[in-house]
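Please open the model in a viewer and keep the sequence panel visible. The tour below proceeds by selections, each followed by a description of what is found there.

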There are 2 protein chains.
Amino acid sequence: MPKIVDHDQRRVELVGATWRIIAERGLDGATMRDIAAEAGFANGALKPYFPTKDQLLDFAFEHIVAQTNARMAAATEGRTGLDALRAYCHEILPLDDERLSEARVAIAFWQKALRDPSKAAVHARSMEQWREALGGLLGAAGFRGAEAHDGARPAPAAGLDAAVGAIMNLVLGAQITATLSPAQHGPDALVAQLDCLLDGLLSGADA
Amino acid sequence: MPKIVDHDQRRVELVGATWRIIAERGLDGATMRDIAAEAGFANGALKPYFPTKDQLLDFAFEHIVAQTNARMAAATEGRTGLDALRAYCHEILPLDDERLSEARVAIAFWQKALRDPSKAAVHARSMEQWREALGGLLGAAGFRGAEAHDGARPAPAAGLDAAVGAIMNLVLGAQITATLSPAQHGPDALVAQLDCLLDGLLSGADA
């Protein structure tokens with residue numbers, strides 16, 4: 001009987017074995033042959049699943065989003081309020097080698113997505129999930145928006161959308177600062193930077 | 001008498017004429033010949049000044065930082081406090097087509113800088129200038145750090161470094177969100193997102 005191969009499953013396995021090599025070597029720095037060799041596969045093993053490096057990059061990006069989502073689910077399990085919101089964001093922040101490698105894949109993907117509408121759509125879809133989750137977590141943490149702020153100063157447009165957008169900017173920006181300016185953006189610094197925003201958003205929140 | 005050519009000046013002029021083409025076409029999407037042709041130069045005109053596309057990208061990045069710095073100086077002239085801080089940050093946020101083009105060059109540069117220490121050093125040097133300026137502007141806007149926050153909640157590590165790092169993450173992240181998720185990150189949205197952070201940092205500030 002011929003062996004039954006689940007091609008989707010095989011694709012996921014291959015991406016799981018190769019995404020770190022893309023992160024380390026960069027897209028320009030490695031051929032498909034190099035990537036296969038470093039991951040311990042025969043030359044040509046990747047080709048049937050990813051005809052081009054570009055397709056391998058697409059799957060690598062979706063893979064790192066999926067593994068971030070899995071970590072978020074585990075990290076927020078049993079947590080509530082600000083605690084859950086922070087735990088969720090920490091899985092995006094590049095706080096360890098694994099997440100720094102994810103950041104490198106994301107930056108390579110963004111650069112390609114600037115001129116590739118299908119990649120931009122993949123990015124937008126993933127970010128939309130995070131935005132929705134962040135909106136829910138902010139609400140659950142007691143975010144009340146503009147009216148929570150000091151009335152003596154001009155009212156900030158701190159609606160929920162603005163708050164969610166601010167968090168997205170900050171956690172995506174951290175992918176750049178942590179990889180390119182690590183001295184100012186080590187793990188403790190990144191967490192403190194995030195807290196600057198979250199504490200401000202939730203000052204005056206229903207505790 | 002032979003014409004005297006100021007080569008540094010000529011290089012600056014060439015970058016000024018070509019950086020937008022890099023932003024629009026991308027590094028992979030255009031040859032040096034294409035870039036020269038689109039900018040209205042003879043084939044080969046760029047080569048003596050930028051032997052490779054990679055060097056043209058280095059100069060393009062330094063050019064957009066220099067033009068951002070010039071805008072910052074003009075925008076903050078005569079402003080003080082939070083007003084000056086906001087005006088400074090707005091010149092980094094991709095609020096118009098010019099700044100969106102700058103964002104595209106920055107993203108291309110970051111991707112290369114991940115594996116090129118000399119590019120990473122250029123990036124770090126530019127960002128260090130901004131961090132220093134932001135620290136001064138935050139202080140002048142009355143930033144008082146952790147003690148400004150509500151004592152009933154765990155004290156955030158909102159020292160000046162954390163506040164500056166948070167702003168850097170947010171404004172750099174905006175380069176990605178505004179180019180790749182424009183629906184949620186138009187100009188008004190980006191300004192409101194920035195205000196979420198600045199208002200939180202300066203709540204309780206010496207007004």
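Throughout this tour, contact means heavy atoms within 4.5 Å. The model is a predicted one.

**Stop 1: chain A as a whole**

Select chain A and colour it by secondary structure. The chain holds 8 helices and 0 strands, and from the N terminus on its elements run α-α-α-α-α-α-α-α. Taken along the principal axes, the C-alpha atoms of chain A fill a box of roughly 70 × 40 × 30 Å. Of its 207 residues, 54% count as buried. Consider next the contacts in chain A between residues at least 6 apart in sequence: 71% of these join residues at least 24 apart.

**Stop 2: the two domains of chain A**

Give residues 1–51 of chain A one colour and residues 67–201 another; these are domain 1 and domain 2 respectively. The centres of the two domains, taken over C-alpha atoms, are separated by 30 Å. To their contact, domain 1 of chain A gives 4 residues and domain 2 of chain A gives 7 residues.

**Stop 3: Asp58 of chain A**

Select Asp58(A), which lies in helix H3 (residues 53–76) of chain A. Is Asp58(A) buried or exposed? Its relative accessibility is 17%, so Asp58(A) counts as buried, the limit being under 20%. Now display the surrounding side chains. With neighbours within four places in sequence left aside, Asp58(A) is in contact with Phe109(A) and Lys119(A).

**Stop 4: helices H4 and H8 of chain A**

Select residues 81–90 of chain A, which form helix H4, together with residues 187–202, which form helix H8. The two helices pack at an angle of about 145 degrees, and their axes are 11 Å apart. The crossing of H4(A) past H8(A) is right-handed.

Which residues meet here, from H4(A) and from H8(A)? On the H4(A) side they are Leu82(A), Leu85(A), Arg86(A), Cys89(A) and His90(A). On the H8(A) side they are Val191(A), Leu194(A), Asp195(A), Leu198(A), Asp199(A) and Leu202(A). By class, this contact has 7 nonpolar, 1 polar and 3 charged residues.

**Stop 5: helices H3 and H4 of chain B**

Move to chain B and select helix H3 (residues 53–76) and helix H4 (residues 81–90). Their axes come within 8 Å and cross at roughly 155 degrees. H3(B) is therefore roughly antiparallel to H4(B), a description used for angles over 145 degrees. H3(B) passes H4(B) in a right-handed crossing.

Show the side chains of Met72(B), Ala75(B) and Thr76(B) in H3(B), which meet Ala84(B), Ala87(B) and Tyr88(B) in H4(B). The contact of H3(B) with H4(B) has 5 nonpolar, 1 polar and no charged residues by class.

**Stop 6: helices H3 and H6 of chain B**

Keep H3(B) selected and add helix H6 (residues 117–140) of chain B. The axes of H3(B) and H6(B) come within 11 Å and cross at roughly 0 degrees. H3(B) is therefore roughly parallel to H6(B).

H3(B) makes this contact with residues including Asp54(B), Leu57(B), Asp58(B), Phe61(B), Glu62(B) and Met72(B). Among the residues of H6(B) that take part are Lys119(B), Val122(B), His123(B), Arg125(B), Met127(B) and Trp130(B). How many nonpolar, polar and charged residues does the contact of H3(B) with H6(B) have? By class, there are 7 nonpolar, 5 polar and 5 charged residues.

Methods. Residues numbered from 1 in each chain as written. Chains lettered and ligands numbered in written order. Predicted model: local features only at pLDDT ≥ 70, side-chain atom pairs only at ≥ 80, totals over all residues. Heavy atoms only, no water. Axes fitted to C-alpha atoms, helices over the stretch in contact; angles between N-to-C directions. Helix = DSSP H or I, 4+ residues; strand = E, 2+ residues; numbered from the N terminus. Parallel < 35°, antiparallel > 145°, perpendicular 65-115°, else oblique. Left-handed = near helix turned anticlockwise from the far one by under 90°. Nonpolar A, V, L, I, M, F, W, Y, C, P; charged D, E, K, R; others polar. Buried < 20%, exposed > 50% of the residue type's maximum accessible area, 1.4 Å probe, protein only. Domains from an automatic or database assignment.
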